[in-house]
Amino acid sequence: MEETILTVKHLKKEYEDKTILNDVDLAVKKGEVVVIIGPSGCGKSTLLRCMNGLEKTQSGSIKLREEAIEAGSGNLVQIRQKIGMVFQNYELFPHLTVLDNILLAPTKVQKRDKKDVKAEALKLLERVGLKDKAGSYPRQLSGGQKQRVAIVRALCMNPEILLFDEVTAALDPEMVREVLDVMLELARQKRTMVIVTHEMQFARAVADRVLFIDQGKIMEEGTPEEVLEHPKKERTQQFLNIFQFEKVQERKIS
Amino acid sequence: MPDLGLDVLWKGSNLLRLLGGLGVALRISLIAVVISIPLGLLLGTLMTGKNVILKFILKLYLEFIRIMPQLVLLFMVFFGSTRMFGWQPSGELSAIIVFTLWGAAEMSDLVRGALISIPVHQYESSEALGLTKVQTYCYVVIPQTVRRLIPLSINLITRMIKTTSLILMIGVVEMIKVAQQIIEANRTTSPNAAFGIYLVIFLLYFLACWPISLLAKYLERKWR
Ligand SMILES: Nc1ncnc2c1ncn2[C@@H]1O[C@H](COP(=O)(O)OP(=O)(O)OP(=O)(O)O)[C@@H](O)[C@H]1O
Ligand SMILES: [Mg+2]
């Protein structure tokens with residue numbers, strides 16, 4: 001039996017009096033890659049942020065193994081070390097070099113030996129093709145390179161689960177691939193991941209399970225095959241249609 | 001070469017007196033800077049805080065100091081203290097008080113600006129990595145704030161040095177005052193002295209402020 005790493009139960013999240021997430025249930029197993037899709041504003045980012053205690057929730061629970069994740073609670077610092085998160089916007093620290101960005105949390109938070117972490121960081125940087133950039137500052141990197149560094153920075157904490165929030169959404173098309181390749185590699189290594197993305201091809205390739213969220217609820221879930229190829233709900237079909245382009249000639253002009 | 005009356009500089013200890021005047025100006029600025037920077041850091045941090053009443057008071061203070069010409073502030077402290085508190089500060093002390101009040105106000109605004117210019121996602125990504133609030137400030141927020149702040153505060157310091165030229169108005173013998181004394185004393189023998197002396201003063205102010213400006217430029221380039 002595979003153990004469950006992350007459990008979300010009856011999660012409810014409101015901003016002011018607008019309900020963003022309503023009764024969301026989700027369990028992520030060890031080594032599983034869950035991809036979340038859904039229209040803009042449906043609450044995908046909010047869900048990931050709740051999973052990392054960045055947002056207060058109104059009711060329900062989120063647990064990493066047995067520990068509750070709750071914004072403002074005392075154990076948050078502990079738990080977050082086990083959850084790696086990469087955001088849409090490049091969030092490297094601009095005053096630190098690539099290497100120092102990566103070393104900061106392992107040395108200051110986990111108090112690990114700097115030499116060990118450095119060796120590990122360089123190895124990971126090499127894996128993503130950025131070893132020669134270790135001494136560069138974030139402003140000297142392209143968007144795709146920054147996101148790869150951000151991924152390495154999260155990995156270097158040896159997290160149990162990785163959360164990715166549209167990490168390629170702000171990138172130029174030719175840089176999307178290099179970042180997605182890194183994530184595919186992580187999936188091959190059987191890392192536990194929750195990925196929010198608008199890249200449907202990628203979702204198909206990487207996911208063990210796809211969730212379609214709309215109006216604050218998980219509308220449909222299943223294998224990529226089930227959800228992306230043969231969606232049962234009309235709403236899912238409508239959403240997926242956005243990514244299809246009909247030939248110009250076939251479009252009816254009314 | 002036209003007679004600039006530079007010869008008066010070498011008479012007696014005139015040049016030394018001028019330098020002494022510059023020294024007074026620099027001393028006053030330095031003391032004010034040393035006090036107002038930590039004060040400004042504190043007030044600026046408070047200005048980004050949650051306490052609305054405190055923020056309002058600080059805003060009021062900043063606006064008041066900004067609106068008032070420095071000369072008026074100097075007069076208020078120098079002449080007003082006796083009236084208000086029955087206490088007569090010396091000219092130099094009055095100058096230090098005014099420059100400190102002014103420096104702290106301006107500094108607090110710079111600090112506030114630098115702090116709010118740090119994007120929210122810097123805090124969030126730091127916390128997402130497991131850093132505590134304190135660590136986030138120490139390793140992420142403050143280093144970035146300081147980098148933004150240093151060039152700005154250096155400009156403030158040069159402004160303070162230049163503004164010390166006002167304090168002769170409350171009887172402090174700084175460089176301009178010494179110059180006036182020298183020119184006055186040599187009116188008959190060297191009527192052109194005013195040109196020369198003010199030229200020297202120009203150079204001295206320049207020499208005092210230029211290295212500081214250069215440092216600011218250097219840091220700006222290094223950190224941007
Ligand atoms: N701080 C906030 N205060 C109020 N409302 C918010 C806040 N943050 C997000 N929202 C609202 O919550 C809803 C969900 O936002 P969220 O960012 O989770 O959407 P998303 O699914 O990630 O969309 P996208 O695909 O565009 O990134 C949106 O309607 C948004 O307007
Ligand atoms: Mg989002």
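# Exercises on salt bridges, surface and backbone

Over all chains of this predicted model, the count of salt bridges comes to 25. The model scores ipTM 0.88 and pTM 0.82, and chain B averages a pLDDT of 88, with 99% of its residues scoring at least 70.

## Exercise 1

Determine which residue of chain A forms a salt bridge with A:Glu221, and state where in the chain the two partners lie.

*Solution.* The first step is to find the partner, and the side chain of A:Glu221 meets that of A:Arg209 in a salt bridge with an N to O distance of 2.7 Å. The second step is to place the two residues: A:Glu221 belongs to strand E10 (residues 217–222) of chain A, while A:Arg209 belongs to strand E9 (residues 209–214), so that the pair, twelve residues apart, links distant parts of the chain. The third step concerns accessibility: A:Arg209 has a relative accessibility of 16% and counts as buried, because buried means under 20%, whereas A:Glu221, with a relative accessible area of 39%, is partly exposed.

## Exercise 2

Classify both partners of the salt bridge between A:Lys12 and A:Glu14 as buried, partly exposed or exposed, and do likewise for the salt bridge between B:Lys133 and B:Glu127.

*Solution.* In the chain A pair, the closest N and O atoms of A:Lys12 and A:Glu14 are 3.8 Å apart; A:Lys12, at 28% relative accessibility, counts as partly exposed, and A:Glu14, at 24%, counts as partly exposed too. In the chain B pair, the closest N and O atoms of B:Lys133 and B:Glu127 are 4.0 Å apart; here B:Lys133 is exposed at 57% relative accessibility, whereas B:Glu127 is buried, with a relative accessible area of 14%. Elsewhere, salt bridges that share partners join B:Arg66, B:Glu106, B:Asp109, B:Arg112 and B:Arg159 into one network.

## Exercise 3

Describe the surroundings of A:Glu55, beginning with its place in the chain and ending with its contacts.

*Solution.* A:Glu55 is found in the loop of chain A between helix H1 (44–51) and strand E4 (59–64), and with a relative accessible area of 11% it is buried. The side chain of A:Glu55 makes polar contacts with two side chains, that of A:Arg49 at 2.7 Å and that of A:Lys13 at 3.5 Å. When neighbours within four places in sequence are left aside, the residues in contact with A:Glu55 are A:Lys13, A:Tyr15, A:Arg49, A:Cys50 and A:Ala71.

## Exercise 4

Explain why B:Ile31 can be counted in a nonpolar surface patch, as far as its accessibility is concerned.

*Solution.* The patch, of about 420 Å², is made by B:Leu30, B:Ile31, B:Val34, B:Ile35 and B:Leu39, and B:Ile31 itself has its place in helix H1 (residues 14–47) of chain B. B:Ile31 has a relative accessibility of 33% and counts as partly exposed; it therefore passes the requirement of over 30% relative accessible area.

## Exercise 5

State what sets the phi values of A:Asn158 and A:Gln215 apart from those of most residues.

*Solution.* Most residues other than glycine have a negative phi. Phi of A:Asn158, however, is near 50 degrees, a positive value, and this residue is found in the loop between helix H5 (143–155) and strand E7 (161–165) of chain A, where it is partly exposed at 44% relative accessibility. A:Gln215 also has a positive phi, of about 50 degrees, although it is not a glycine; A:Gln215 is found in the loop between E9 and E10 of chain A and is exposed, with a relative accessible area of 63%.

Conventions. Residues numbered from 1 in each chain as written. Chains lettered and ligands numbered in written order. Predicted model: local features only at pLDDT ≥ 70, side-chain atom pairs only at ≥ 80, totals over all residues. Heavy atoms only, no water. Buried < 20%, exposed > 50% of the residue type's maximum accessible area, 1.4 Å probe, protein only. Helix = DSSP H or I, 4+ residues; strand = E, 2+ residues; numbered from the N terminus. Patch = residues over 30% accessible without salt bridge, like charges linked within 9 Å, V, L, I, M, F, W, Y side chains within 5 Å. Areas by Shrake-Rupley, 256 points an atom, 1.4 Å probe, with all protein chains shown as cover. pLDDT = per-residue confidence, 0-100. Polar contact = N/O pair within 3.5 Å; in protein donor to acceptor, adjacent residues only side chain to side chain. Contact = heavy atoms within 4.5 Å.
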